[in-house]
Every structure is written in structure tokens, then in C-alpha cells.
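Hi,

Here's the structure I promised to pass on. Have a look at it first, and then read on for what turned up when I went through it.

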Amino acid sequence: MNTLRRTFLKTAGGAGALAIAATAGLLKSGQAWAATWNKSAFESKAMADALKGLGATNMIDSKDITITAPDIAENGAVVPVAVTSKIPNTQSISILAEKNPFPLAATFDISSGGDSYVSTRLKMGQTSDIRVVVKADGKFYTAAKEVKVTVGGCG
């Protein structure tokens, strides 16, 4: 067996596949991905400013939003949070930690027909409410859950 030939063929095949993906538009440059980033909302230091940056005005409390997070987080550096929205036509799910230096932790866009479930891990500095904002059919819905943090992760 000629290992040099096999290595060359593997490398050439991988490069060819990458070139085809780039030509088809499946790969975007880093700047193209960053263009969809909501800078004003993520850089807001106050909860009201973050909500304003999301466009979330006149939010409606909803029981159709389920937040799965620990009641007591042993370590604020890694707090698992999962959100399920049963609201029809969910377009986006945003997660905010109210007492964090920058409250907006994550925003997920849901494509039409997609499953309205997201999961992530947050860093929390202290005990506070985790607020979820769901956008569906141009309206904003919200729910909150308190998470007690014993050891802060943002300080």
C-alpha cells in the first residue's frame, strides 16, 4: 500500500468538497455571520435596554413557555437552561439573566416549522430571574424562573 498516495487523495478530496461547498454558498465568511448579530441588545447593561434592543414591547405573560433550569445552581459559571415554547409560529427565543452585567445571554432564531426547543448554559453572577422572551407572529411573550446561585460565575 502506498500511504503517500492515500494521504494525497484524502487531502485532495477534502479540499474539493470544501471548494464545492463554498461555491454553492454553504460557507459564509465570519463577517457575513456577524451581520445578523444584534449588537445593541447584547451590549446593553440594563434589562430594559436589552428588551428594547430585541424590540420586545408590550410582552404578554404566557404559560406556554416552559423553562427548565435548576432551582439552586451550585456553580454560577455553568447553569444549564432549556426552553420549550408551545406558542404556534415561534420565530425566536431569547434568554436573559436579569442581574448579569449584560442581561441578554442568548437569542435563537427558529425557522418556520422548526422545533421550538433550545438548550444552552449560562454564566450567572448571582441569584436572579431568568427571563425568556418568545417572538411569535410579531408578538412577544414572556416567562421567568428564579435561579439561586451559591457560587457566582461572573465576578
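**The pocket and its surroundings**

Strands β5, β6 and β8 each put at least two residues into the lining of the largest pocket. The biggest contribution is from β5, with three residues. Before you get too attached to any of this, keep in mind that the model is predicted.

The pocket has a volume of about 280 Å³. In total, 13 residues line it, and those nearest the centre are Asn38, Leu54, Ser92, Thr107 and Asp109. If you're thinking about the chemistry of the lining, it splits into five nonpolar, six polar and two charged residues.

**Helix α4**

Leu54 leads straight to the next item, since this pocket residue is also one of the buried residues of α4. The helix covers residues 47-54, and its other buried members are Met47, Ala50 and Leu51. Why do they end up on the same side of α4? They span an arc of only 95° around the axis, which places them on one and the same side of the helix. The background is simple: with 3.6 residues a turn in an α-helix, residues three or four places apart point the same way. Ala48 and Lys52 are on the other side of α4, and both are exposed.

What do the buried residues of α4 pack against? The list is α3 (39-42), β5 (90-97), β6 (104-109), β8 (128-136) and β9 (139-149). β5, β6 and β8 should ring a bell, as each of them also supplies at least two residues of the pocket lining.

Right after the helix, Gly55 adopts a positive phi of about 85°.

**Two positive phi values outside glycine**

A couple of backbone angles may be worth a click in your viewer. Asn58 isn't a glycine, yet its phi is positive, near 55°. You'll find Asn58 in the loop between α4 and β1, where it is exposed with a relative accessible area of 74%.

Asp137 is the other one: a positive phi of about 55°, again in a residue that is not a glycine. Asp137 sits in the loop between β8 and β9. Is Asp137 buried or exposed? Its relative accessibility is 54%, and exposed means over 50%, so Asp137 counts as exposed.

**Two buried residues**

Ser62 is in a loop too, the one between β1 (60-61) and β2 (65-68). Unlike the two loop residues above, though, Ser62 is buried: its relative accessible area is 15%, and the cut-off for buried is under 20%. Which residues is Ser62 in contact with, once neighbours within four places in sequence are left aside? They are Ile87, Tyr141, Thr142 and Ala143. For Thr142 there is a distance to go with that: its C-alpha atom is 5.9 Å from that of Ser62, although 80 residues separate the two along the chain.

Val147 is located in strand β9, and with a relative accessible area of 0% it is buried. Not counting residues up to four places away in sequence, Val147 touches Ala69, Pro70, Asp71, Ala73, Val79, Met124, Thr127, Ser128 and Ile130. Take Met124 from that list: it is 23 residues from Val147 along the chain, and the C-alpha atoms of the pair are 9.2 Å apart.

**The chain as a whole**

Zooming out, the protein chain has four helices and nine strands. How do these elements run from the N terminus on? The order is α-α-α-α-β-β-β-β-β-β-β-β-β.

The chain contains 155 residues, and 32% of them count as buried. It exposes about 9,800 Å², with carbon and sulfur atoms supplying 54% of that area. Sequence-distant contacts feature as well: among contacts between residues at least 6 apart in sequence, 64% join residues at least 24 apart.

Over to you, and shout if anything is unclear.

Cheers

Notes:
Residues are numbered from 1 along each chain as its sequence is written. This is a predicted model: local features need pLDDT of at least 70, side-chain atom pairs count only at pLDDT 80 or more; totals for chains, interfaces and linings use all residues. Side-chain values use heavy atoms; hydrogens and water are left out. Buried means under 20% relative accessible area, exposed over 50%, partly exposed in between (1.4 Å probe, protein chains only). The arc is that of the directions from the helix axis to the C-beta atoms. Contact means heavy atoms within 4.5 Å. On a 1 Å grid over the protein atoms alone, a cavity is a set of points where a 1.4 Å probe fits but cannot get out, and a pocket is an open set with protein on both sides within 12 Å along at least five of seven lines; lining residues have an atom within 4 Å of a point. Grid points are joined across faces, edges and corners, and a volume is the space filled by probe spheres set on the points. Ala, Val, Leu, Ile, Met, Phe, Trp, Tyr, Cys and Pro count as nonpolar, Asp, Glu, Lys and Arg as charged, and the others, Gly among them, as polar. Accessible areas come from the Shrake-Rupley method with a 1.4 Å probe; for residues, only the protein chains shown count as cover.
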